[in-house]
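Please keep the sequence and the structure in view while reading. The paragraphs below lead from single residues to sheets, a helix, an internal space and aromatic contacts.

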Amino acid sequence: MKIIAIGRNYVNHAKELNNEVPQKPVFFMKPETALLQKNNPFYYPEFSKNIHYEAEIVIKINKIGKYIDEQFAHRYYSEIGIGIDFTARDLQQEQKEKGLPWEIAKAFDHSAPISTFVNLSDYQDIQKINFSLDINGKRVQTGNTQDMLFSVDKIIAYVSQFVSLKIGDLIFTGTPSGVGKIKIGDKLEAAIEGQTLLNFEIK
Ligand code: ZN
């Protein structure tokens, strides 16, 4: 499986990092070794001094597809979860300044904690889902998928022109504003529609 992640998909987040609002979806990938599951702790790596959290709705692909038409894209997923796209912001900044790829800052081990997945039929509309992240009991991010620049179906249509999607692939759909640093000892709790699905500690 692979993890596809969308950058700058919420205008308020693109602006907080002084990034341009993109005309087309921006995507990058994380390898399977980036996964962190079952609420296991995240061990702060030695190569960065500025790891940021980014809470994101995650789509699980349930069918193989290539050149998926936007109008049929909804047939390619039935479950969603919430994940954190951990980003070594210091390393990413160096890469951005040099115009180099982001993998060193985005694809490292356990940079993609994910929750258990819930059935989409529990919700009315994929583009009307509230989600949030609390750190040590304090709310740091809130988002609603209606604020995505590119909808889930548009993302699937766009990405599948270049990369075939396979069963079990995950798509991180971008983060709203409010990103910030994590530190050792932090407790992260991420929720969809008020239901905590991801709950783990930084060690
Ligand atoms: Zn992200």
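In which loop is Arg8 found? Arg8 belongs to the loop between β1 and α1, where helices (H or I, at least four residues) and strands (E, at least two) are DSSP runs numbered from the N terminus. The model is a predicted one, in which local features need pLDDT of at least 70 and side-chain atom pairs count only at pLDDT 80 or more, while totals for chains, interfaces and linings use all residues. Residues are numbered from 1 along each chain as its sequence is written, and side-chain values use heavy atoms, with hydrogens and water left out.

Arg8 is notable for its backbone: its phi is positive, at about 55°, although Arg8 is not a glycine. Most residues other than glycine have a negative phi. His110 is another residue other than glycine with a positive phi, near 65°. His110 lies in the loop between α3 (103-106) and β8 (112-113). With a relative accessible area of 35%, His110 is partly exposed; buried means under 20% relative accessible area, exposed over 50% and partly exposed in between, with a 1.4 Å probe and protein chains only.

The sheets come next. Strands of a sheet pair through backbone hydrogen bonds, either parallel or antiparallel. Here two strands are taken to pair if DSSP finds at least two bridges between them. One open sheet has six strands in the order β2-β1-β12-β5-β6-β9, with mixed pairing. Its edge strands are β2 and β9 (118-119), each of which pairs on one side only. Two bridges link β6 and β9 in the antiparallel sense, and Glu79 stands opposite Asn119 in β9.

An open sheet of three strands follows the order β7-β4-β13, and its pairing is antiparallel. β7 and β13 (180-181) each have a single partner strand, so one side of each is left without a neighbour in the sheet. Strand β4 (residues 51-53) runs antiparallel to β7 and is joined to it by two bridges. Within this part of the sheet, His52 stands opposite Thr87 in β7.

Helix α4 (residues 152-162) is mostly covered, with eight of its 11 residues buried. Among them are Val152, Ile155, Ile156 and Tyr158. The elements that cover the buried residues of α4 include β1, β2 (26-30), β5 (55-61), β6 and β12 (170-172), where contact means heavy atoms within 4.5 Å.

What empty space does the model enclose? A search of the whole structure finds one cavity of 30 Å³ or more. On a 1 Å grid over the protein atoms alone, a cavity is a set of points where a 1.4 Å probe fits but cannot get out, and lining residues have an atom within 4 Å of a point. Grid points are joined across faces, edges and corners, and a volume is the space filled by probe spheres set on the points. The largest cavity has a volume of about 110 Å³. Of its 17 lining residues, the closest to the centre are Gly7, Arg8, His13, Glu54 and Lys106. β1 and α2 (89-98) each supply at least two residues of the lining, and α2 gives the most, with three residues.

The aromatic contacts complete the picture. A search of the whole structure finds eight aromatic pairs; rings of Phe, Tyr and Trp (its six-membered ring) pair if their centres lie within 6.5 Å, and planes under 30 degrees apart count as stacked, over 60 as edge-to-face and the rest as tilted. The ring centres of Tyr10 and Phe131 are 6.2 Å apart and the planes stand at 65°, so this pair is edge-to-face. Tyr10, in the loop between β1 (3-7) and α1 (11-16), and Phe131, in strand β10 (residues 130-135), are 121 residues apart. Tyr10 counts as buried at 2% relative accessibility, and Phe131 counts as buried at 3%.

Phe86 and Phe200 also form an edge-to-face pair, because their ring centres are 6.1 Å apart and their planes are at 75°. Phe86 lies in the loop between β6 (77-84) and β7 (87-88) and Phe200 in strand β15 (residues 195-201), so the pair ties together parts 114 residues apart in sequence. Phe86 is buried, with a relative accessible area of 0%, and Phe200 counts as buried at 4%. In addition, Phe27, Tyr158 and Phe162 form one aromatic cluster.

How values were computed:
1 Å grid on protein atoms, 1.4 Å probe; cavity = no way out; pocket = protein on both sides within 12 Å on 5 of 7 lines; lining within 4 Å.
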